[in-house]
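Morning, everyone. Let me put the model up, and then we can walk through a few contacts.

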Amino acid sequence: MAITDITNFLRLDDSLCCGGQPSEAQLEDAAREGIQLVINLALATSDHALPDEPGLVRLLGMEHIHIPVVWDSPQPADLERFMDAMDAHRDKHILVHCAMNYRATAFLALWRVLRQGWDVDEAFAPQRNIWDLEEYPVWKAFVEDALLEK
């Protein structure tokens with residue numbers, strides 16, 4: 001299976017992509033494609049989570065960062081940790097994932113706006129292609145609160 005077969009996969013630019021939970025085979029393909037860092041925003045207990053994703057990712061020669069974001073209660077500290085990780089590794093080829101690419105697209109959009117100065121509509125376009133913040137009031141409020149910090 002190819003990296004592009006990951007649920008809701010998006011290639012955002014030459015060095016950044018995001019998606020839902022990858023399989024072992026998709027992580028192997030990610031390594032072959034030059035991904036150097038995998039950031040997982042899902043809980044280790046999420047549906048389809050790999051039993052030892054950090055170990056597998058390291059075995060494949062990539063770095064792994066796990067920032068477990070509780071779906072029903074995203075926290076500003078989670079976002080801050082994520083943005084710090086993205087800033088610290090900006091020179092690497094990165095795959096950001098969660099269970100369905102909801103958390104990942106929201107966090108990436110916020111990082112682009114808050115740390116890279118992107119326009120809000122442009123930064124959130126990938127997120128809107130996959131899911132609607134209006135359907136998830138907790139996430140809508142989280143995003144709005146984070147953008148107030150801009």
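Which residues in H3 meet which residues in H4? Before I answer, one reminder: this is a predicted model.

Now the answer. On the H3 side we have Asp78, Leu79, Glu80, Phe82, Met83, Asp84, Met86 and Asp87. On the H4 side they meet Phe107, Leu108, Leu110, Trp111, Leu114 and Arg115. By type, the residues of this contact divide into 9 nonpolar, no polar and 5 charged.

Next, the geometry. H3 covers residues 76-88, and H4 covers residues 102-116. Their axes are 10 Å apart. The packing angle is about 70 degrees. The two helices are therefore roughly perpendicular to each other, because 65 to 115 degrees counts as that class.

Stay with the charged residues here. Glu80 and Arg115 form a salt bridge, with the closest N and O atoms 2.7 Å apart. Glu80 sits in helix H3 and Arg115 in helix H4, so this pair ties together parts that are 35 residues apart in sequence. How exposed are the two partners? Glu80 is partly exposed, at 38% relative accessible area. Arg115 is partly exposed too, at 29%. The pair is also part of something wider: Glu80, Asp84, Asp87 and Arg115 are linked in a network of salt bridges.

How many salt bridges does a search of the whole structure find? It finds 9. Let me show two others, each inside a helix.

Take Asp29 and Arg32. Their salt bridge has its closest N and O atoms 3.5 Å apart. The two residues are 3 apart in helix H1, which means a separation of about one helical turn. Is Asp29 buried or exposed? Asp29 is buried, because its relative accessibility is 12% and the cut-off is under 20%. Arg32 is exposed, at 61%. So this bridge joins a buried residue to an exposed one.

Now Lys140 and Glu144. Their side chains meet in a salt bridge at 2.9 Å, N to O. Both are in helix H6, residues 137-148. They are 4 residues apart, so again about one helical turn. Lys140 is partly exposed at 26%. Glu144 is partly exposed at 40%.

Last stop: the loops. Where does Gln36 lie? Gln36 is in the loop between helix H1 (24-32) and strand E3 (37-40). Its relative accessibility is 35%, so Gln36 counts as partly exposed. What does Gln36 contact beyond four places in sequence? The list is Met62, Glu63, Asp91, Lys92 and His93. Look at two of those. The side chain of Gln36 reaches the backbone nitrogen of His93 at 2.7 Å. Asp91 is 55 residues away from Gln36 along the chain, yet their C-alpha atoms are separated by 9.8 Å.

That brings us to Lys92. Lys92 is in the loop between H3 and strand E5 (94-97). Leaving out residues up to four places away in sequence, Lys92 touches Ser15, Gln36 and Glu63. With Glu63 there is a polar contact between side chains, at 2.3 Å. Glu63 is also on the contact list of Gln36.

To recap. H3 and H4 are roughly perpendicular, so read their contact as a crossing at about 70 degrees. Glu80 and Arg115 bridge the two helices. And in the loops, Gln36 and Lys92 are in contact with each other.

Methods: Residues are numbered from 1 along each chain as its sequence is written. This is a predicted model: local features need pLDDT of at least 70, side-chain atom pairs count only at pLDDT 80 or more; totals for chains, interfaces and linings use all residues. Side-chain values use heavy atoms; hydrogens and water are left out. Buried means under 20% relative accessible area, exposed over 50%, partly exposed in between (1.4 Å probe, protein chains only). Contact means heavy atoms within 4.5 Å. A polar contact is a pair of N or O atoms within 3.5 Å; within protein, one must be able to donate a hydrogen and the other to accept it, and residues adjacent in sequence count only if both atoms are side-chain atoms. Axes are lines fitted to C-alpha atoms, for helices over the stretch in contact, and angles run from 0 to 180 degrees between N-to-C directions. Angles under 35 degrees count as roughly parallel, over 145 as roughly antiparallel, 65 to 115 as roughly perpendicular and the rest as oblique. Ala, Val, Leu, Ile, Met, Phe, Trp, Tyr, Cys and Pro count as nonpolar, Asp, Glu, Lys and Arg as charged, and the others, Gly among them, as polar. A salt bridge is a side-chain nitrogen of Lys or Arg within 4 Å of a carboxyl oxygen of Asp or Glu.
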